[in-house]
Amino acid sequence: MTKSILVVEDDKSIAELQRDYLEINGFRVDVEHSGSAGLAKALKGDYDLIILDVMLPHVDGFELCKQIRTSKDIPILLVTAKKEEIDKIRGFGLGADDYVIKPFSPGELVARVKAHLARYERLSGGREQRSDEIQIRSLRIDKASRRVFVNEREVPFTTKEFDLLAFLAANPNRVFSKEHLFERIWGLDSAGDISTVTVHIRKLREKVETDPSHPQYIETVWGAGYRFTV
């Protein structure tokens with residue numbers, strides 16, 4: 001089944017280049033050139049992945065990502081010329097799955113798109129066949145429906161947040177480095193930025209911990225990584 005991708009990019013030459021390379025690789029691609037038009041199409045359309053330029057007219061890519069994440073759990077890639085780490089952290093904090101710095105080769109973009117789609121399909125596909133749950137104290141993770149409950153109150157999670165939490169909880173008391181978690185959840189090896197792991201761990205703690213500054217579930221093992229404690 002052909003995967004459908006939305007590209008929101010105000011530079012028409014860059015947008016056309018992205019579309020050409022993605023279509024050559026078998027994807028169906030829609031393009032919008034403004035944030036407002038891109039948001040409308042993203043919320044209305046049935047896409048498998050969305051690529052957002054950060055510097056967009058009307059609505060920038062950060063705000064677009066934030067609004068799309070309220071109703072979509074598909075992979076979102078941010079594309080920008082901004083290289084500052086604070087911008088990367090902001091993007092990951094809003095739910096982006098990857099942050100691609102301009103200039104980049106079209107082949108690299110296609111490779112990242114394929115990696116995210118494969119990872120998303122592997123982790124979310126066939127969920128009807130799984131009925132296992134993880135129950136640890138007041139935390140309940142329903143892997144079949146991809147829902148998380150804290151004290152029996154459902155808490156919303158993005159795709160990658162859920163994947164990271166479920167992986168850690170399924171491997172309790174083991175220490176995983178940032179690099180290992182990045183490879184396991186994002187599946188991009190060194191092609192991405194492992195700072196996203198730190199951002200996602202912080203988001204997880206905000207959602208599942210009673211006191212995020214003194215976590216009872218997700219502990220930091222200094223110099224080594226993170227451990228889900230049972």
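**Exercise 1. Strand 3**

Find out how many residues of strand 3 are buried, and say what follows.

Step 1. Five of the five residues of strand 3 (residues 49–53) are buried, so the strand is largely enclosed by the rest of the structure. Buried means under 20% relative accessible area, exposed means over 50%, and partly exposed lies in between (1.4 Å probe, protein chains only). Strands (E, at least two residues) and helices (H or I, at least four) are DSSP runs, numbered from the N terminus.

A note on the source: this is a predicted model, where local features need pLDDT of at least 70, side-chain atom pairs count only at pLDDT 80 or more, and totals for chains, interfaces and linings use all residues. Residues are numbered from 1 along each chain as its sequence is written, and side-chain values use heavy atoms, with hydrogens and water left out.

Step 2. Check the two faces. Leu49, Ile51 and Asp53 are buried on one side of strand 3, and Ile50 and Leu52 are buried on the other.

Step 3. Look at the partners. Strand 1 (residues 4–8) runs parallel to strand 3, joined by four bridges. Here Ile5 has Leu49 as its bridge partner. Strand 4 (residues 76–80) is also parallel to strand 3, again with four bridges. Ile50 has its bridge partner in Ile76 of strand 4. Two strands pair if DSSP finds at least two bridges between them.

**Exercise 2. The open sheet**

Give the order of the four strands in the open sheet, and explain which stand at the edges.

Step 1. The order is 6-7-8-9, and the pairing is antiparallel.

Step 2. Strand 6 (133–136) and strand 9 (153–155) each have a single partner strand, so they are the edges, and one side of each has no neighbour in the sheet.

Step 3. From one strand to the next, the twist averages 20 degrees. Axes are lines fitted to C-alpha atoms, for helices over the stretch in contact, and angles run from 0 to 180 degrees between N-to-C directions.

Step 4. Four bridges pair strand 7 (residues 139–142) with strand 8 (residues 147–150), in the antiparallel sense. Arg140 stands opposite Phe149 in strand 8.

Step 5. Helix 6 (residues 159–170) packs on the sheet and touches strand 6, strand 7 and strand 8. Contact means heavy atoms within 4.5 Å. The direction of helix 6 makes about 110 degrees with that of strand 7.

**Exercise 3. Helix 7 and its rings**

Name the buried residues of helix 7, and say why they lie on the same side.

Step 1. Leu181, Phe182, Ile185 and Trp186 are buried in helix 7 (residues 178–186). They cover an arc of only 100 degrees around the axis, which puts them on the same side of helix 7. The arc is that of the directions from the helix axis to the C-beta atoms.

Step 2. Now classify two ring pairs. Rings of Phe, Tyr and Trp (its six-membered ring) pair if their centres lie within 6.5 Å; planes under 30 degrees apart count as stacked, over 60 as edge-to-face and the rest as tilted. The count comes to four aromatic pairs. For Phe167 and Phe176, the centres are 4.9 Å apart and the planes are at 55 degrees, so this pair is tilted. For Phe182 and Trp186, the centres are 5.6 Å apart and the planes are at 10 degrees, so this pair is stacked.

Step 3. Phe182 and Trp186 are four residues apart in helix 7, so about one helical turn separates them.
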